[in-house]
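The following paragraphs lead the reader through one protein model, from its overall layout to individual side chains. Please keep the sequence and the structure in view while reading.

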Amino acid sequence: MPHLVILYTPNLEAEADMTALCRKLADTMLATLDEAGKPVFPTGGTRVLAYPAAHYAVADGKANYGFIYLNLRMAGGRSDATKKRAGDALLARARDHFGTLFERQAIGLTLQIDESPGQVYDGKHSSLHPLFSH
């Protein structure tokens, strides 16, 4: 953890580089610091994944509407201020990425952050984390 999952309408792919968006959002997560100036998210655990919706309906369907849904799931324990700082930074980065596309096409953008403090099961196996343990 943390995992940021992006669901989007595939009509945005012609004008939006989703791979670049994933990298930008991962970099934003890695640059986010808490109140003590420490990184909020572990490098080896940061994941950003984007999926086009195979089927979708947006609004009344009378135009080529687009939608981007970002869901950040992270373990509990961070302050409300830190969560807001991370959310504001991610939302700003996503808005910047789509830039003038918002002016040319009607698009909705939503970011939600979920915590998972009381998981029933949280199994992990990774050869990534040791690469970033200093």
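A residue is called buried when its relative accessible area is under 20%, exposed when that value is over 50%, and partly exposed in between. Arg 23, with a relative accessible area of 46%, is therefore partly exposed. The model discussed here is a predicted one, and the same three words are used throughout the text below.

The overall layout comes first. The protein chain contains three helices and four strands. Read from the N terminus on, these elements follow one another as β-α-β-β-α-α-β. Of the 134 residues in the protein chain, 33% are buried. The accessible surface of the chain amounts to about 8100 Å², and carbon and sulfur atoms account for 54% of that surface. Contacts across the sequence can be described as well: among those between residues at least 6 apart in sequence, 81% join residues at least 24 apart.

How are the four strands ordered in the sheet? They form an open sheet with the order 2-1-3-4, and the pairing is mixed. Strand 2 and strand 4 are the edge strands, each of which pairs on one side only. On average, and with direction ignored, neighbouring strands of this sheet are turned by 15° against each other. Strand 1 and strand 2 run parallel and are joined by six bridges. Across from Tyr 8 stands Pro 52, a residue of strand 2.

Two helices may now be placed against the strands. Helix 1 lies across strand 1, strand 2 and strand 3, and runs at about 150° to strand 1. Helix 2 also packs on the sheet, where it touches strand 1, strand 3 and strand 4. The direction of helix 2 makes about 155° with that of strand 4.

Charged side chains provide the next set of features. The count of salt bridges comes to five. One of them joins the side chains of Arg 104 and Glu 15, with an N to O distance of 2.3 Å. This pair links distant parts of the chain, since Arg 104 belongs to helix 3 (residues 101-104) and Glu 15 to the loop between strand 1 (3-8) and helix 1 (18-31), 89 residues apart.

A salt bridge within a helix is formed by Asp 27 and Arg 23, whose closest N and O atoms are 2.9 Å apart. Why are these two residues separated by about one helical turn? Asp 27 and Arg 23 are four residues apart in helix 1, and so about one helical turn lies between them. Asp 27 has a relative accessibility of 37% and therefore counts as partly exposed. Arg 23, as stated at the outset, is partly exposed at 46%.

Glu 115 and Lys 83 form a further salt bridge through their side chains, at 3.3 Å from N to O. Because Glu 115 lies in strand 4 (residues 107-115) and Lys 83 in helix 2 (residues 80-98), the pair ties together parts that are 32 residues apart in sequence. Glu 115 is partly exposed, with a relative accessible area of 31%, whereas Lys 83 counts as buried at 17% relative accessibility. Both residues also belong to a network of salt bridges that links Asp 80, Lys 83 and Glu 115.

The surface carries a nonpolar patch as well. Which residues form this patch? Leu 7, Leu 49 and Tyr 51 do so, and together they have about 270 Å² of accessible area. Tyr 51 is found in strand 2 (residues 47-52). With a relative accessible area of 42%, Tyr 51 is partly exposed.

Two loop residues complete the account. Is Thr 32, in the loop between helix 1 and strand 2, buried or exposed? Thr 32 has a relative accessible area of 5% and is therefore buried. Apart from its neighbours within four places in sequence, Thr 32 is in contact with Lys 38, Pro 39, Val 40, Phe 41 and Ala 86.

Ala 59 is located in the loop between strand 2 and strand 3 (66-74). Although Ala 59 is not a glycine, its phi is positive, at about 55°. Ala 59 has a relative accessible area of 71%, which means that this residue is exposed.

How values were computed: Residues are numbered from 1 along each chain as its sequence is written. This is a predicted model: local features need pLDDT of at least 70, side-chain atom pairs count only at pLDDT 80 or more; totals for chains, interfaces and linings use all residues. Side-chain values use heavy atoms; hydrogens and water are left out. Patches are made of residues with over 30% relative accessible area and no salt bridge: like charges are joined within 9 Å, nonpolar side chains (Val, Leu, Ile, Met, Phe, Trp, Tyr) within 5 Å. Accessible areas come from the Shrake-Rupley method with a 1.4 Å probe; for residues, only the protein chains shown count as cover. A salt bridge is a side-chain nitrogen of Lys or Arg within 4 Å of a carboxyl oxygen of Asp or Glu. Buried means under 20% relative accessible area, exposed over 50%, partly exposed in between (1.4 Å probe, protein chains only). Two strands pair if DSSP finds at least two bridges between them. Axes are lines fitted to C-alpha atoms, for helices over the stretch in contact, and angles run from 0 to 180 degrees between N-to-C directions. Contact means heavy atoms within 4.5 Å.
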